[in-house]
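Here is a friendly tour of charged side-chain pairs. Have the sequence and the 3D view ready as you read.

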Amino acid sequence: MKLIKLIYILIAFAALFVSCSDDDSFSASPSNLLTFSADTVALDTVFSNVSSSTRSFWVYNKSGDGIRCSDIRLERGASSAFRVNVDGIDLTQVGSTSEIEIRKGDSIRVYVEATPTTQNADAPIEVEDNLVFTLESGEVQKINLNVWSWDAVFLRDHHVIGNETLTADKPVVIYGGLTVDSGAVLNLQAGTTLYFHEDAGMEVFGRLISQGEPGNNVTLRGDRLDHMFNYLPYDLTPGQWQGIVLHASSSDNTMRYTDIHSTYNGISIDSCSVDPLKLQLIASTVHNCQGYGIYTKNARLDVQSCQITNTLNDCVKIEGGDVNINSSTLAQFYPFDSNRGYVLNFSNVNPLKQLKVTNSLLTGYADDVLLGSKDSTLNNVFNYSFDHCLVRTPKPETADSVYLTNIIYENVKDTATGAEKHFVRIDTDKLRYDFRLDSTSKAINAASAETSYPTDRDGEMRDERPDIGAYEYKKQSND
C-alpha cells in the first residue's frame, strides 16, 4: 500500500515537472511572434514642451512557446519625444532592454507618454516614433507612436500693466493666472484663443475688450486638448479653468462674439456702484460651468443675443444692480448633477434698480426655472419685468401684471413642447448641444420687432418677425 502511494506521489511530481518545463520552454522559431492590443498608440494633440497624458497597450504571447526579446528600444533613441515603460523598465533611463521574456499565454503592459519639442510651425505637426521589438529569432516587430505637437505662447502669472493686445497668431496658454491691473487694458482680437490651465483664470481690475467677429470668435477655454474617453474631449467637461472676475475697480468692459466654456464660474462681477456700465456682453456664449454662468453683485450689465447655458449653479444670478437681458437664450441642462441651479435667480440683496428681460428664452429640465427673492427686511428696491419671453414657469392664476407681459408659458406636462424640443440638439450622453432653434419651437416669430436685438448670436440679421432667444431660426428647404 505504501509503495502504491509512493508511486502516485512520484507521478504527480513528474507531471508537475513536465508542466513547469513546458511553461518555461522558449523557442527562437521565426514563426513565434508577439501579438499587440494596438498597432498604433495615438496621444492626441499637446502643446509643444508640455507632457501628454499616458496611454498603454498590451503585448501578448499567443504562440506555443515562450518568447525572449533580445532588444526593445525606441527607433529614434535619445532624440525621441516619447517616454516608454516596458513591464516596469523605463527606456528613457536605460535606452533599451534585453531583459524581457514572455512565457506562452502570458502578457506584459507598456506605458507611453510624450513631450514634443518646439516645431517652429503655426499649425500642429505630427511627431512619430516606433517602438521596436527585436525577438531572439531575429524577427522585428514595431508599434507606431504618434502625437500632434502645437507651438504656443506661454504666459505664467502674467500682469497686463498698460495697453496690451493678444492676437490669433498662435494659441496662448495661461498658467497661474492672467491679471489686468487697474488702469490697464487687455485687447483680444478676433480669432484669438486663450487656453487656461486648471489653476488659472482672468482677474480684471482694469478693462477687458474682447472683439470677436461672426464666425471668428474669441475663445476662452481650458488647456487640455486630449480626451477623457474616445468620444469625450476634456474640453466638453466643466471645471477646466477658473473663469473671469471683474473686480470693483473695473468698468466699461466689452465682450463681443466671445465663447467662454468649460470653466468653474463663467463671469463673476463685483461692483460698488451701478452708475458706470460694468459689462456689455454681445453675441457671446457662457456654457458648461461647474459654478455660475454669470454672477453679478450690484452692477450694471447689458446682455444682447447671448447664450448662457448648462451650469451647476444658476445660469445667471443677480444680487441687485441694473441688468438688461435681451434676445438671449438661458437654458439649464447641466448633466452632471440633478441638484442644478435655476436659469435665472434674482434678489434684492443689493438694491435691484432694474432687471429687464425681453425677447428671451428661459427653459431647462426643472418645472420652474425662475427664482425671484424679495427680502422685505432689507428695504431695498426690487424692480423687474419680463416682456415677449418664453419661460418655463407656472402660469400665474391671475392675469399678467406689469411685471410679466406677452409671456409664452411653457407647459411642463406637454412633452411635445418640452424644454429639449426647442433646440436642434440636446445630447446629455455625449455632451453635445446645439441651442439653435428647432422648427417645432414656439419661440419662432414670437419676439418683438421693436425691441429685439437686430442680429443674432451668429451675426445673422433678424427678419421682420424675429424669434425669441439668441438664435434666429433658419428655415430649411423641407420645412
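## A pair to start with

Which side chain meets that of Arg73 in a salt bridge? The partner is Asp71, with an N to O distance of 3.3 Å. Keep in mind that this model is predicted.

The two residues sit in different burial classes: Arg73 is partly exposed at 30% relative accessibility, while Asp71 has a relative accessible area of 18% and is buried, since the cut-off for buried is under 20%.

## A link between two strands

Across the model, the count comes to 15 salt bridges. One of them joins Arg68 to Glu101, whose closest N and O atoms are 3.2 Å apart. Arg68 belongs to strand 4 (residues 67-74) and Glu101 to strand 8 (residues 101-102), so this pair ties together parts that lie 33 residues apart in sequence.

Both ends are partly exposed: the relative accessible area is 33% for Arg68 and 35% for Glu101.

## A shared network

Further along, Lys474 and Asp456 bring their side chains together in a salt bridge, at 3.6 Å from N to O. Both residues are in the segment after strand 40 (432-437), and they are 18 residues apart.

How buried or exposed are these two? Asp456 is buried at 0% relative accessibility, whereas Lys474, with a relative accessible area of 35%, is partly exposed. Through salt bridges with shared partners, Asp456 and Lys474 join Asp434, Arg436 and Asp458 in one network.

Note on methods: Residues numbered from 1 in each chain as written. Predicted model: local features only at pLDDT ≥ 70, side-chain atom pairs only at ≥ 80, totals over all residues. Heavy atoms only, no water. Salt bridge = Lys/Arg side-chain N within 4 Å of Asp/Glu carboxyl O. Helix = DSSP H or I, 4+ residues; strand = E, 2+ residues; numbered from the N terminus. Buried < 20%, exposed > 50% of the residue type's maximum accessible area, 1.4 Å probe, protein only.
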